Amino acid sequence: MKKFLLILTTLFIVGAIGYLFFYPYDYLVTIKAKANAGTINQTIKLWDSTLDSTKLTSDLDLRHLDQTLSFNDSTHIYSWEISAENDSVSKIKIFAKDGQNSLMNKILVPFTDTDFEKRTVRTLSDFNENLHNHLKRIRVTVVGEEIIDSAYYAYVTAKSSQFDKAKGMMRNFPLLDPYLVNNGAKLKGRPFIEITKWDKEKDSIEYRFGYPVIKSDSLPQHPDLQYGFRKKSKALKAIYNGNYITSDRAWYALLDYAKKHNIDVTGLPTEIFYNNPNLGGDELNWKAEVYMPLSKQ
């Protein structure tokens, strides 16, 4: 009996020392969401941009982010880990730590609701609400492998962050639609963007914003306007419904689909838009066809 109590006491002491001095966090929050890692990653970054005195880094991959939040009296450090629970649900674990009062928090958290715990719950509840509100306003449906048709088109080039993609489109749209039509060009299709470079670490893109036109010898010329040809090709296709600002959610869905089915893709999507955002309306009724070309044609 004494030996058993000695072993039990030793285990308790070792466990207590490990918890107090070696565990890398003070408090754990777990959130589940019907979304892929890319969508959650981008939502965390967008939410972070609305906060004061924060710093967010994501050096590893989409599934890991480190966030530092400065409050008046303390600094909180959140380590985010995103994992797939099944094909449609992701689990988000946020390992929270108080930079100044970690040891005291570890002692008190099991026994009482500390200010650190209350603030962490309040802060991450705000994120959870933002995430689920966002998911209510978008819909992504992966169709599978299809053909993206060939097209001759007029286009302008642009660089931006993923989030500012739609602003770039709105800024350049007058050059494509009114200018082309007013100068004798005949449109033949819907506006689209073709991503030519995607830096996933920096969330930056370079792209062509174009409009299919009927090829002729008298197409209008402009210093910022160019013409190109898209070949017919095989691609994975998804339908995106929602505000075009966040249509990149479909990019991540197609990348996940490609990985799951061992399909090699270029990682450079094309989006074809069916609605004019300037007309407003229910954003869930806005539609974009999103294509992720296959690497081998």
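A pocket, as I use the word in this notebook, is an open set of grid points with protein on both sides within 12 Å along at least five of seven lines. I keep in mind throughout that the model is a predicted one.

**Entry: the pocket**

I looked up the largest pocket and found that its volume is about 960 Å³. Its lining is made up of 30 residues, and those that lie nearest its centre are Ala-35, Asn-36, Asp-87, Ala-253 and Asp-256. I then asked which elements give two or more residues to this lining, and they turned out to be α2, β6 (139–148) and α6. Helix α6 gives the most, with 8 residues.

**Entry: the open sheet**

I followed the strands next and noted that 5 of them form an open sheet, in the order β1-β5-β4-β3-β2, with antiparallel pairing. Why is one side of β1 and of β2 left without a neighbour in the sheet? Strands β1 (27–33) and β2 (54–57) stand at the edges and each has a single partner strand, so one side of each has no neighbour there. From one strand to the next, I read an average twist of 20°.

Within this sheet I chose one pair to look at, and saw that β4 (residues 75–84) and β5 (residues 90–98) are joined in the antiparallel sense over 9 bridges. When I picked out Ser-79, I found that its bridge partner in β5 is Phe-95.

**Entry: helices against the sheet**

I traced helix α2 (residues 37–49) and found it lying across β2, β3 (64–70), β4 and β5, where it runs at about 160° to β4. Helix α4 (residues 115–136) also packs on the sheet, touching β1, β3, β4 and β5, and its direction makes about 10° with that of β1.

**Entry: salt bridges**

I recorded 9 salt bridges in the structure. In one of them, Asp-203 is paired with Lys-45, and their closest N and O atoms are 2.7 Å apart. The two residues come from distant parts of the chain, 158 residues apart, since Asp-203 sits in the loop between β8 (192–199) and β9 (204–212) while Lys-45 belongs to helix α2. Are these two residues buried or exposed? Both Asp-203 and Lys-45 are buried.

I went on to Asp-87, which I had already listed among the residues nearest the centre of the largest pocket. Its side chain meets that of Lys-260 in a salt bridge, at 2.9 Å from N to O. This pair, too, links distant parts of the chain, with Asp-87 in the loop between β4 and β5 and Lys-260 in helix α6 (residues 249–260), 173 residues apart. Asp-87 has a relative accessible area of 70%, so I count it as exposed, and Lys-260 is exposed as well, at 52%.

A further salt bridge joins Lys-167 to Asp-164, with 3.8 Å between the closest N and O atoms. Lys-167 counts as exposed at 54% relative accessibility, whereas Asp-164, at 29%, counts as partly exposed. I also noted that Lys-32, Glu-85 and Lys-91 are joined into one network by salt bridges that share partners.

**Entry: around Glu-206**

Lastly I looked up Glu-206, which has its place in strand β9 and counts as partly exposed at 26% relative accessibility. Leaving aside neighbours within four places in sequence, I found Glu-206 in contact with Ala-158, Lys-159, Glu-194, Ile-195, Thr-196 and Lys-197. Between Glu-206 and Gln-162 there are 9.3 Å in space, C-alpha to C-alpha, although the two residues are 44 residues apart in sequence.

Methods
Residues numbered from 1 in each chain as written. Predicted model: local features only at pLDDT ≥ 70, side-chain atom pairs only at ≥ 80, totals over all residues. Heavy atoms only, no water. Pairing = 2+ DSSP bridges. Helix = DSSP H or I, 4+ residues; strand = E, 2+ residues; numbered from the N terminus. Axes fitted to C-alpha atoms, helices over the stretch in contact; angles between N-to-C directions. Contact = heavy atoms within 4.5 Å. Salt bridge = Lys/Arg side-chain N within 4 Å of Asp/Glu carboxyl O. Buried < 20%, exposed > 50% of the residue type's maximum accessible area, 1.4 Å probe, protein only. 1 Å grid on protein atoms, 1.4 Å probe; cavity = no way out; pocket = protein on both sides within 12 Å on 5 of 7 lines; lining within 4 Å. Points joined across faces, edges and corners; volume = space filled by probe spheres on them.
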